[in-house]
Amino acid sequence: MKLDWLSATLSGLMVGAISIISSVSFAALVFAGPLSVHLDYGLNVALITAVITGLFIAFGSSCPTAISLPQDRTAPILGIMVAAIAAAAPVDASGEQVLLSIVAAIISTSLITGLSLLGLGLGRAGGLMRFIPYAVLGGFFAGTGWLLVIGGLRVMSGLELTTIESLPQLGEPELLVRWLPGLALAMAILIAPRFIASGIAFFTILFAALVMFFLATLQNGETLESLGDAGWLLGPFETQKDGGYLLGLPQLLEAGHWSVVFDQWANIGTVVVISATSIMLTVSALEMLTHRDIDINHELRVSGLANLATGLGGGMVGFHSLSISSLALRLGARQRTTGVIAALTAAVALFYGTELIGYIPRIIVGGLLLFIGFSFLAKWLFGSWGKLPPGEYLVIPLILMTIATIGFIEGLILGLLAALIQFVLKYSRTTVIRYALSGKEARSAVERNRDDDHLLAEQGPRLLVLKLQGYLFFGTTAQLSSHLKARLADSAKPALRYLVLDFKMVNGIDSSAAYEFHRLQLLAEEQDLIIVMTGMPQAMRRQLRSGNIFKINARIREFDNLDRGLEWCEGQLLAARPALTPKTALQHLADALPANCSLMDILAYLSEVIFGVGDELIRQGDAARDMFFLERGDVSVFLKPSSGEAFRIRQTGPGTVIGELGFYLGTPRSASVIADTAGTAYRLTTESLQRMETEHPQLAAALHRFIADLLAERLLRTTHTLERVLN
């Protein structure tokens, strides 16, 4: 126990030290250039954020090793926002007035972000973040990496560097010495973990860089005062007040500088989106690192409360840091103590150490920002190469270049538009026709006699069934006309009479799709074709008929489900045949008998059953002791699950056999059979079949072959249907 506490304390102090350095870097990024005169305030803002959000995440997160601090992903956006506020300030505005406007924007961003994250968590909308395209996220974070690199160069050089055109200024000899050492520091931090542990490498390199800087400058005759005056150090801070230089919500309400918030709505919205997305990504990564399930909605709620608290205290946006949390894991952290000690370490720096922070060289801070920025670019710009299809990958450099040349919001919007266009193009190439079957393979649940079966098999090619799927819009519905025209042009098949469109698996329809269905309707009139639409929800029907483009008429039929639609089409095909009296089941059986057997021989073993409407011939669950040859009337087969009401699974009419499966297998009845109309059937019991097998074995063998042929025909028809569906 003592060793665990000692390990947690040491790792907490180490993580706390890194958190302080990172917080200082982000503060320098936000308050750079002309705003560096307010860097003392920025340091306090960053440290108070590390303290408040650090404690909230340490105590509230479902991941005990999660560490929170001001974020590298949102700091560049805050920097853009702060610079825009300073640039838009009136010429006669005092430094204090500009600072108040900046503080109002920072606090508003924290509060709005907190409310948004809390709302997403309470609404359990965390899973929605996973729908953001990966390429857009990649460009998003690559652009953030670019802004961090530019921010690091600004901190070291003192230049504005607002556009790419301003970068050549860095090549001036007097400026090279200010940022090249920071670049070398960043590269050393990037490369060193390949050879030694990352935590040790990080501290070793930073400490070595700090020592080398002061040895080189002090030996050259410089003093701390001269280094500060020459801009090599973050300080000195003229108005520095440890832990006391924070403006909270009460002071800002009195100052009344809130109009600037409305001008920054786009940047604030960007911070909200980045925060929610980053938390989702960080939580997913922490799940893999810690091998434990983490509730994203819980983390959103905790982060929301943390940002509300830091906003009320005058802090900036902060939440889980993946890099610092993973470092804590490498250092052996396994409990919340590490995060608590890290936050308390930042608190000590806030109240007692900000003056010492002023002596940190800008090369160290700028090099750390370059390191983080290069890490983002390496992971998202170069690391995604080969992992994404070329079309998707191009979205990443597109967003990055737009952010670098135009702006962050423009880059985000352009990236989303590019991803949307790619999605539309890809989806339009996805087939909207799940499968296409002729009436020979697609049959209704009505079980028919052999004569009707043979006729439907012969006339089946005159019926085409298209099972539709997905979302129907202008890019996918054109496939319907193309498929139909190809079928109509196929001279090897009989003329098409019925087109069945099943919408059961369609999850939505665009209003523009109505025009394509209008074209189908015109084609149906031209080709003497009847369109049968099945499984279409009422809302989709109204949408399809809106604008009076697609009209229901004699050539357009609608049914609740595919089975009803197929039943109607089969009835139309059967009605078109020449008038004849179909054979009964017993007559078909008599045709299969050998020469020495007759229909009268069969009737000797059967008993006639006369039934009325609603009579139950077979009851589900009963023992199967008989089967029926249906001669006249219609019956329906109902299945009743263990819970719920019974539903009809098929209908059968004269000339069919009922109950043969359970009869031959000796299993309980799997369904009930109830009469739809009055009729007649002939019943064969197990006792009669046993007597037939003893007294007339040839007749029994003929009966068995007849039933086997009947079952084989059903199985063959089902197999052909499955082959067409699966191929």
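**Exercise 1. What is the bridge partner of Phe611 in β16?**

Before we dig in: this is a predicted model, where local features need pLDDT of at least 70, side-chain atom pairs count only at pLDDT 80 or more, and totals for chains, interfaces and linings use all residues. Residues are numbered from 1 along each chain as its sequence is written, and side-chain values use heavy atoms, leaving out hydrogens and water.

Solution.
- Start with the strands, which are DSSP runs of E, at least two residues, numbered from the N terminus.
- Strand β9 (residues 607-611) runs antiparallel to β16, with five bridges joining them; strands pair if DSSP finds at least two bridges between them.
- Now read off the partner: Phe611 is matched with Gly679.

**Exercise 2. Work out what else pairs with β16, and how covered β16 is.**

Solution.
- Strand β11 (residues 626-632) also pairs with β16, antiparallel, over six bridges.
- Within that pairing, Tyr682 of β16 sits opposite Phe629.
- As for cover, five of the seven residues of β16 (residues 679-685) are buried, where buried means under 20% relative accessible area with a 1.4 Å probe, protein chains only.

**Exercise 3. Place Cys569 in the fold.**

Solution.
- Cys569 belongs to helix α24 (residues 562-575); helices are DSSP runs of H or I, at least four residues.
- Its relative accessible area is 0%, so Cys569 is buried.
- Skip neighbours within four places in sequence, and Cys569 is in contact (heavy atoms within 4.5 Å) with Leu463, Tyr498, Val500 and Val532.
- Finally, Arg443 is 126 residues from Cys569 in sequence but 9.7 Å away in space, C-alpha to C-alpha.

Key:
Buried < 20%, exposed > 50% of the residue type's maximum accessible area, 1.4 Å probe, protein only.
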